[in-house]
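Please walk me through this model in the viewer, telling me what to select at each stop and what I should find there. I would like to go slowly, and to see the residues at each stop together with their surroundings.

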Amino acid sequence: MTATETSQIVASRRPMIRRRSAIPGFALTMGVTLTILSLIVLIPLSAVALKASEQTFPEFLQAAFNERALTAYRLSFGAAFIAAIINGVFGVLTAWALIRYQFPFKSLVNGIIDLPFALPTAVAGIALATLYAPNGWIGALFAPAGIKIAYTPLGVVIALTFIGLPFVVRTLEPVMRDLAADVEEAAASLGANRFDTILRVILPALGPAWLTGIALAFARAVGEYGSVIFIAGNMPYKSEIAPLLITIELEQYDYAGAATIAVVMLAVSFLMLFVINAIQAWARRLGQ
Amino acid sequence: MSRMRHPTEDPVWAKVVILTLVGLFLVSVLILPLITVFFEATRKGLPAALEAIQNEDARASIKLTLITAAITVPFNVAFGLCASWAIAKYEFPLKPFLITLIDLPFSVSPVVAGLIYVLVFGAQGWFGPWLLDHDIKIIFAVPGIVLATIFVTFPFVARELIPLMQEQGVDEEEAAVSMGASGLRTFWSVTAPNVRWGLLYGVLLCNARAMGEFGAVSVVSGHIRGLTNTMPLHVEILYNEYDFVGAFAVAALLCLLAIVTLVLKALLELVQPQSRPGRH
């Protein structure tokens with residue numbers, strides 16, 4: 001057995017040890033990365049948990065799940081869910097149109113899909129509030145029917161739809177592009193009509209990416225603040241979102257109360273992160 | 001004479017229905033809001049709008065927004081380069097976990113991002129009394145605004161660079177090092193040319209978010225006119241004072257920034273098609 005073979009075996013027996021690399025700089029770059037990560041993200045985030053744990057357990061439960069907080073979660077999570085579903089439906093249609101159809105101004109439309117990533121949320125907020133107010137261009141269309149959009153939970157859904165719009169489109173696009181045309185052709189030549197092909201061949205292939213997009217849109221919408229507060233109306237027990245409740249408690253110097261709601265929201269965020277990772281792992285297994 | 005429809009092509013009626021639905025959706029959620037901003041800004045004429053972005057408070061907010069971005073972007077570039085080098089060029093345990101931690105700020109509500117710095121540096125916070133004794137202001141001052149902005153834009157550069165550097169592998173760097181190049185030299189001559197477009201892409205998205213951040217900055221700013229008001233916060237104040245022309249004029253400026261960002265982003269995607277779309 002040669003020396004290299006021996007060292008390879010030794011190396012493979014110690015999988016937890018960093019493979020020795022010829023490239024310098026590991027200690028330096030890793031050290032800087034971990035230090036900055038701790039100072040900017042991890043230590044400040046732990047302050048929320050520590051602040052919330054200064055209360056007794058019944059106090060924590062009262063701060064986390066009182067009537068006003070519960071209505072705020074219901075609005076935040078409910079509106080984010082509805083907005084994610086709306087984006088799921090229109091996102092798949094938009095991605096399909098962008099990949100499969102030719103129409104005027106296509107590249108302009110393609111570029112503008114990313115607007116919610118680039119436009120400051122406060123700008124989106126005041127624009128949507130003005131547009132969907134009873135005297136706004138769109139709000140005025142619905143006002144005669146007695147439907148109020150801005151300053152109601154409906155307005156929250158509109159703002160969260162705006163914020164989540166690019167996620168579904170952009171996660172679906174690469175999968176749709178890779179969708180092999182020959183599979184569709186095969187389905188068609190075997191006698192499937194177009195509707196069957198879409199239902200049994202195309203949609204199942206898109207499933208994981210579609211779910212990922214919807215989950216990403218939901219995760220982003222749950223914590224959204226800037227675009228929502230202008231259109232929400234912000235009435236306690238009615239149109240108050242959970243992040244707004246945090247700022248209200250901060251203004252009243254109730255730091256433990258603010259931290260408590262933050263802990264609940266962080267728990268939901270981490271759960272979403274876990275769900276998204278699980279969907280992506282499932283998608284990879286399907287792809288193999 | 002009728003043309004046979006290809007079996008994988010949708011019937012015309014389906015195309016019409018889908019394109020109409022998509023069109024209505026995009027117009028009502030994306031395009032009309034954009035038009036609203038410029039329409040409301042110029043409702044009382046262009047001079048009124050120009051005046052609104054040139055008065056003292058507006059100028060101060062523009063300056064603060066530029067300062068914040070000028071600190072945030074280089075900081076996150078430095079961090080992103082360090083993190084992606086450490087993650088892509090070496091093997092070590094718990095690597096996926098480290099990547100998840102770097103991505104964490106994207107999963108945190110902006111308001112919570114502001115709150116954590118209030119709990120650390122605020123008057124009631126961990127370092128509050130010490131900072132007070134030494135007359136250092138972080139919360140309700142510029143350092144707090146910069147910190148909160150760094151937090152919300154933290155992953156942008158790193159997440160663009162990590163997959164690019166991983167894809168590239170380590171062979172070229174190892175060759176350079178074995179021929180006697182120093183680590184820094186290897187980075188500049190071998191790694192940097194391969195990742196520069198991805199880096200620019202990350203910088204672009206990071207900058208757009210840094211200039212536009214609202215929730216996190218709003219919590220730590222204290223909204224002191226002329227001192228701790230960034231452009232998005234200035235928009236909020238004017239809007240709440242019913243100065244709609246002023247609010248939309250500053251908003252129009254931010255819209256132009258967003259449009260420039262989107263155009264540059266589209267150009268970068270042409271240069272480097274494998275650049276993945278930013279997810280936030």
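Begin by selecting H3(B) and H10(B), in what is a predicted model: H3(B) passes H10(B) in a right-handed crossing. The two helices pack with their axes 9 Å apart and at an angle of about 145°; H10(B) covers residues 183-212 of chain B. To display the contact itself, show Thr65(B), Thr68(B), Ala69(B), Thr72(B), Val73(B), Asn76(B), Val77(B) and Gly80(B) on the H3(B) side, which meet Gly202(B), Val203(B), Cys206(B), Asn207(B), Ala210(B) and Met211(B) on the H10(B) side.

From there, follow chain B to Leu94(B), which sits in the loop between helix H3 (56-89) and helix H4 (95-103) of that chain. Its phi is near 65°, a positive value in a residue other than glycine. Is Leu94(B) buried or exposed? Leu94(B) has 10 C-beta neighbours inside 10 Å, and so counts as exposed.

Now widen the view to the whole of chain B, whose secondary structure comes to 13 helices and zero strands. The C-alpha trace of chain B spans about 80 × 60 × 30 Å along its principal axes. Of the 280 residues in this chain, 46% are buried. If you compute a contact map for chain B and keep contacts with a separation of 6 or more, residues 24 or more positions apart account for 76% of them.

Still in chain B, select Glu167(B), which lies in helix H8 (residues 155-168). Glu167(B) has 12 other C-beta atoms within 10 Å and is therefore exposed. A distance monitor drawn from the C-alpha atom of Glu167(B) to that of Ile31(B) should read 37 Å, for a pair that is 136 residues apart along the chain.

The next selection is Ile18(B), in helix H1 of chain B. With 18 other C-beta atoms within 10 Å, Ile18(B) is partly exposed. When residues up to four places away in sequence are not counted, Ile18(B) touches Leu93(A), Trp96(A) and Ala97(A).

Keep helix H1 (residues 12-41) of chain B on display and add helix H7 (residues 121-132) of chain A: their axes come within 9 Å and cross at roughly 90°. H7(A) and H1(B) are therefore roughly perpendicular to each other. The contact is made on the H7(A) side by Val123(A), Ala124(A), Ala127(A), Leu128(A), Thr130(A) and Leu131(A), and on the H1(B) side by Leu32(B), Pro33(B), Thr36(B), Val37(B) and Glu40(B).

Move on to chain A and select helix H9 (residues 153-178), whose 26 residues should span 38 Å at 1.5 Å a residue; the C-alpha atoms at its ends are 39 Å apart, which agrees. Where does H9(A) bend? The bend, of about 45°, is at Gly164(A), and a proline, Pro166(A), follows within four residues. Because 20 of its 26 residues are buried, H9(A) is largely enclosed by the rest of the structure.

Add helix H11 (residues 194-222) of chain A, which packs with H9(A) at an angle of about 160°, the axes being 8 Å apart. That angle makes H9(A) roughly antiparallel to H11(A). H9(A) passes H11(A) in a right-handed crossing. Among the residues making this contact are Leu160(A), Ile163(A), Gly164(A) and Phe167(A) of H9(A), together with Leu206(A), Ala209(A), Trp210(A) and Thr212(A) of H11(A).

For another helix with a bend, select helix H2 (residues 26-52) of chain A, which bends by about 50° at Ser38(A). At 1.5 Å a residue, its 27 residues should span 39 Å, and its end C-alpha atoms are 37 Å apart, which agrees. The buried residues of H2(A) include Thr29(A), Thr33(A), Ile40(A), Val41(A), Pro44(A) and Lys51(A).

The last stop is Tyr237(A), in the loop between helix H12 (226-232) and helix H13 (242-251) of chain A. Phi of Tyr237(A) is near 65°, a positive value in a residue other than glycine. Tyr237(A) is exposed, with 11 other C-beta atoms within 10 Å.

Notes:
Residues numbered from 1 in each chain as written. Chains lettered and ligands numbered in written order. Predicted model: local features only at pLDDT ≥ 70, side-chain atom pairs only at ≥ 80, totals over all residues. Expected span 1.5 Å × (residues − 1). Bend = angle between axes of the 7 residues up to and from the residue. Contact = placed C-beta atoms within 7 Å. Axes fitted to C-alpha atoms, helices over the stretch in contact; angles between N-to-C directions. Parallel < 35°, antiparallel > 145°, perpendicular 65-115°, else oblique. Left-handed = near helix turned anticlockwise from the far one by under 90°.
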